[in-house]
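Me: I'd like to go through this model with you before I set anything up. Can you take my questions one at a time?

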Amino acid sequence: MRTKPIPRPRRVLVVDDDPTVTEVVAGYLDRSGFVVDRAADGPDALARAQAAPPDLVVLDLMLPGLDGLQVCRKLREERPVPVVMLTARGDEEDRILGLEVGADDYVTKPFSPRELVLRVESVLRRAAAQPADGPLLSGGGITLDPAARTVSDARGPLALTLREFDLLAHFLRHPGRAFSREELMAEVWGWDFGDLSTVTVHVRRLRHKVEADAARPRLITTVWGVGYRFDAPDEGRTSDGSDGSGHSSGSGGSGA
């Protein structure tokens with residue numbers, strides 16, 4: 001009888017110049033079955049990532065030597081390793097910059113180590129997931145290929161992060177429907193907990209990439225008191241005429 005191969009433990013590199021934070025995070029990850037490497041500054045992080053490539057990096061923004069943004073850029077030049085950023089609460093501009101340079105998610109300090117572990121596991125699951133089957137999704141001049149994980153509009157290919165891609169695909173599958181931030185966190189991130197500003201920042205970054213004028217969005221609109229809705233003249237239809245959920249095209253509006 002052929003035995004199933006034992007899966008290789010996933011390796012996480014934790015980069016923070018605060019030894020207390022590193023110790024706590026590493027302890028939780030170790031108890032969750034991860035192999036953990038540690039680095040206290042940017043140059044050390046890059047050297048350790050080169051010597052033993054991690055499956056994911058937990059990366060503090062404020063680091064000596066090289067800051068987290070520079071480390072993230074250099075890591076992404078080598079290979080598309082998933083990155084979860086650690087940021088100080090209230091530093092929204094830093095969170096936006098982190099997502100822009102390629103971070104897949106962020107956690108604000110002070111944070112729950114258990115929540116950080118769950119987010120690490122979530123990012124790794126999505127990074128390892130097989131490409132979704134299904135027809136092309138389109139709406140508002142955007143075409144998204146779930147299998148190839150590519151997106152383009154009239155300007156050409158769009159460079160989206162992992163979460164931005166999943167968020168846009170969700171909107172395109174449900175045109176004209178308003179979603180609360182809690183619903184988006186549950187349905188796109190797969191979490192029923194956490195900082196809802198995660199959703200806000202990702203929507204903001206996605207608007208900058210798909211809207212003609214992000215300050216006056218026409219595709220991803222804010223529904224006051226509810227959340228966000230994707231509006232498009234062609235209602236986000238797929239290439240086979242369905243709405244991305246198996247239903248054929250029909251009449252309907254995007255809402256007020």
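Reply: What follows goes through a phosphorylation annotation, some salt bridges, two sheets and one arginine, and the model is a predicted one.

Me: Where does UniProt put the 4-aspartylphosphate?

Reply: The UniProt record, an unreviewed entry, places the modified residue 4-aspartylphosphate at D60, and in this model D60 lies in strand β3, residues 56–60.

Me: Is D60 buried or exposed?

Reply: D60 counts as buried, because its relative accessibility is 5% and the cut-off for buried is under 20%.

Me: And what is D60 in contact with, beyond its sequence neighbours?

Reply: Leaving aside residues within four places in sequence, D60 is in contact with V15, D16, D17, G68, L86 and K109.

Me: OK, salt bridges. How many are there?

Reply: The count comes to 13 salt bridges, and one that links distant parts of the chain is R11 with D37, where the closest N and O atoms are 3.0 Å apart. R11 sits in strand β1 (residues 11–15) and D37 in strand β2 (residues 35–39), with the two positions 26 residues apart in numbering. R11 is partly exposed at a relative accessible area of 25%, whereas D37 counts as buried at 15%.

Me: What does E23 pair with?

Reply: E23 forms a salt bridge with R38, with the closest N and O atoms 2.8 Å apart. Since E23 lies in helix α1 (residues 19–31) and R38 in strand β2, the pair ties together parts that are 15 residues apart in sequence. E23 counts as partly exposed at 48% relative accessibility, and R38 counts as partly exposed at 37%.

Me: What about D213 and R216?

Reply: The side chains of D213 and R216 meet in a salt bridge at 3.2 Å, N to O, in which D213 is partly exposed at 31% relative accessibility and R216 is exposed at 62%. Elsewhere, salt bridges with shared partners join D16, D60 and K109 into one network.

Me: Switching to sheets: in what order do β10, β11 and β12 come?

Reply: The order is β10-β12-β11, in an open sheet of 3 strands with antiparallel pairing. β10 (178–180) and β11 (220–223) stand at the edges with a single partner strand each, so one side of each is left without a neighbour in the sheet. The twist averages 35° from one strand to the next. β11 and β12 (residues 227–230) pair over 4 bridges, and V223 stands opposite G227 in β12.

Me: Which helices lie across those strands?

Reply: Helix α6 lies across β10, β11 and β12 and runs at about 65° to β12, while helix α8 (residues 197–210) lies across β11 and β12 and runs at about 140° to β11.

Me: And the sheet with β6 in it, which strands are at its edges?

Reply: That open sheet has 4 antiparallel strands in the order β6-β7-β8-β9, and its edge strands are β6 (137–139) and β9 (156–157), each pairing on one side only. Helix α6 packs on this sheet, touching β6, β7 and β8, and its direction makes about 110° with that of β7.

Me: Last one, R163 in α6. Why does R163 have no salt bridge with D105?

Reply: A salt bridge needs the nitrogen within 4 Å of a carboxyl oxygen, and D105, the nearest side chain of opposite charge to the buried R163, is 4.2 Å away. R163 belongs to helix α6, residues 162–173, and among its contacts beyond four places in sequence are D104, D105, R126, W189 and H202.

Note on methods: Residues numbered from 1 in each chain as written. Predicted model: local features only at pLDDT ≥ 70, side-chain atom pairs only at ≥ 80, totals over all residues. Heavy atoms only, no water. Buried < 20%, exposed > 50% of the residue type's maximum accessible area, 1.4 Å probe, protein only. Lys, Arg positive; Asp, Glu negative; His and termini not counted. Contact = heavy atoms within 4.5 Å. Pairing = 2+ DSSP bridges. Axes fitted to C-alpha atoms, helices over the stretch in contact; angles between N-to-C directions. UniProt positions renumbered as here; feature names shortened; annotations may be inferred.
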